[in-house]
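Please open the model in your viewer and keep the sequence panel beside it, since this tour moves from one selection to the next.

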Amino acid sequence: MLNFDLTEDQIQAKKTYQQWVDQYVVPFADTFDEQQETPQSLINQMAKDGHLGALVPVEYGGVGLDPLKWGLFCEELGRSSASLLSLVTVQSMAIQTLVKWGSTQQKEKWLPKLATGETIAAFGLTEPSVGSDARNIESSAVCNDDGNYVINGKKRWISFGATATLYLVFVQLNNMPVAFLVERDMKGFTAEPIKGMLGFRSANLADLSLQDVLVSEDSMVGKPGFGFSHIAATALDQGRYSIAWGCVGLSQAALEASMDYASKRVQFGKPLVEHQLIQEMLTEMIVETKAARMLCMHASFLKSSGEPSLIMETSTAKYYASKAATKSTNSAVQIHGANGCSSDFPVQRYFRDARIMEIIEGSSQMQQIIIAKAGHQEFTVQQRERNAQSNRG
Amino acid sequence: MNEIETKVRSFLGKYVSDPEVDGDLDLFSAGLVNSLYAMQLVLFIEQEYGIQVTNEDLDYENFKSVQAIVQFITLKQK
């Protein structure tokens with residue numbers, strides 16, 4: 001029998017996450033957005049409470065959180081601040097990549113520090129000239145005679161790039177994609193903060209510049225040629241999973257703000273919530289938020305069992321949840337009217353942040369390409385099986 | 001065809017039109033599979049056979065064809 005109910009343990013975990021974001025994030029998220037920066041004090045608080053290393057296995061000092069609880073945590077962060085969600089997203093992308101593909105030495109060196117938050121990690125794939133076409137990144141590494149590597153290149157729009165001390169950087173090595181761990185204090189590395197973004201304004205974005213950065217062979221994650229298909233793919237899957245759940249939280253925030261406003265705001269002698277055209281928008285928000293949550297739950301179920309289809313189902317959940325967030329936050333602004341466009345209400349922030357959700361970790365258009373291709377393949381397989389069955393019968 | 005090959009071909013059948021390809025055919029060079037398949041293959045091997053594919057296993061020769069995958073799984077099981 002299908003059961004989508006949370007267990008008592010999961011309900012308790014969700015309550016704990018709710019209380020945490022209500023205490024440390026919700027009251028301050030608009031201020032951080034205005035200041036275009038997440039303060040170090042909040043990052044320290046997250047580290048202190050074990051949230052930055054939640055996905056690090058217990059043997060390396062982390063919490064070893066399961067996929068569903070991680071999703072519930074991301075939902076709560078998404079409800080409070082998409083920018084802060086991006087912090088745990090990039091941290092988790094580095095963690096999952098090292099857990100899966102890191103060498104023993106890399107795991108022992110970095111996972112304990114990522115668990116405590118002593119190390120904040122960022123994901124360096126996107127470049128000034130290369131976004132969706134990630135296979136054609138231009139940053140490069142050259143192997144020296146002594147076996148070390150020299151990296152040159154630029155990375156752009158790197159979430160928490162201004163804060164991180166460790167970067168998972170993707171480059172070409174003899175035309176083969178490969179990933180390296182680059183440390184902030186390495187000679188030739190600089191991170192320049194980016195301001196003035198539409199959304200994710202307190203995600204401490206940065207441009208990264210690598211000029212003759214010297215790294216040892218021990219810094220290579222995986223092997224040349226596998227940088228995109230396996231290393232980046234692992235990180236991006238984790239990123240899409242976290243973002244999908246965060247989008248559920250963002251939609252939920254837009255819905256709750258709209259319900260509150262529509263209950264109090266009276267026009268034409270009755271609250272907005274009793275006007276049918278408002279009810280139409282609220283209904284869409286309710287249904288799409290629930291549907292997005294179900295897709296995320298399904299992805300978490302597959303992730304827990306390591307089912308190969310988790311990759312496509314996570315992509316599907318991210319695609320739908322980010323589109324639902326765009327639509328829900330758009331409706332939230334519409335329901336709030338001019339108030340929704342002012343900084344007196346958070347829905348304008350939700351709306352701006354939702355636009356980013358459809359771009360990061362694979363744009364909606366890139367998701368459409370892979371979802372449609374996978375859907376066509378599934379159809380072809382079904383047809384083949386039906387034909388075989390019919391020939392046997 | 002041994003049991004491992006049967007299962008590998010069954011998995012491959014979800015991604016290619018004809019899973020009964022030549023066992024030595026390079027699936028990537030032939031353009032039959034893409035990078036999304038690559039990670040799903042890793043998950044399939046790990047889930048189906050309870051073995052961990054690690055950074056040491058990242059060798060194109062381990063994944064390029066049906067026979068290569070079968071040989072890789074067989075070796076990892078030992």
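**First stop: a serine in a helix**

Select Ser322(A) together with Tyr319(A), and you will find that a polar atom of the serine side chain lies 3.1 Å from the backbone oxygen of Tyr319(A). Such a polar contact is a pair of N or O atoms within 3.5 Å, in which, within protein, one must be able to donate a hydrogen and the other to accept it, while residues adjacent in sequence count only if both atoms are side-chain atoms. Before going on, note that this is a predicted model, in which local features need pLDDT of at least 70, side-chain atom pairs count only at pLDDT 80 or more, and totals for chains, interfaces and linings use all residues. Residues are numbered from 1 along each chain as its sequence is written, chains are lettered from A and ligands numbered from 1 in the order in which they are written, and side-chain values use heavy atoms, with hydrogens and water left out.

Ser322(A) belongs to helix 9 (residues 310-336) of chain A, where helices (H or I, at least four residues) and strands (E, at least two) are DSSP runs numbered from the N terminus. Is this serine buried or exposed? Ser322(A) is buried, with a relative accessible area of 0%; buried means under 20% relative accessible area, exposed over 50%, and partly exposed in between, with a 1.4 Å probe and protein chains only. If you set aside neighbours within four places in sequence, Ser322(A) is in contact (heavy atoms within 4.5 Å) with Cys247(A), Met357(A), Glu358(A) and Ser364(A).

**Second stop: helix 4 of chain A**

Now select residues 67-80 of chain A, the 14 residues of helix 4, whose end C-alpha atoms are 20 Å apart, in agreement with the span of 20 Å expected at 1.5 Å a residue. That expected span is 1.5 Å times one less than the number of residues. At the N-terminal end of this helix, Asp66(A) acts as a cap, with a side-chain oxygen 3.0 Å from the backbone nitrogen of Leu68(A). Helix 4 of chain A is mostly covered, for 14 of its 14 residues are buried.

**Third stop: salt bridges**

Stay in this helix and select Glu75(A) with Lys14(A), whose side chains meet in a salt bridge at 3.5 Å, N to O; the term means a side-chain nitrogen of Lys or Arg within 4 Å of a carboxyl oxygen of Asp or Glu. Because Glu75(A) lies in helix 4 and Lys14(A) in helix 1 (residues 8-24) of chain A, the pair ties together parts that are 61 residues apart in sequence.

Add Arg293(A) to the selection, and you will see another salt bridge with Glu75(A), the closest N and O atoms being 2.8 Å apart. Arg293(A) lies in helix 8 (residues 276-305) of chain A, so this pair joins parts that are 218 residues apart in sequence. Glu75(A) is buried, with a relative accessible area of 4%, whereas Arg293(A) is partly exposed at 21%. Through shared partners, salt bridges join Lys14(A), Asp22(A), Glu75(A), Glu76(A), Arg79(A) and Arg293(A) into one network.

**Last stop: chain B**

Finally, select chain B, which has four helices and zero strands. Its radius of gyration, taken over C-alpha atoms, is 11 Å, close to the 12 Å that the globule rule gives for 78 residues, so chain B is as compact as a globular protein of that length; the rule is 2.2 Å times the number of residues to the power 0.38.
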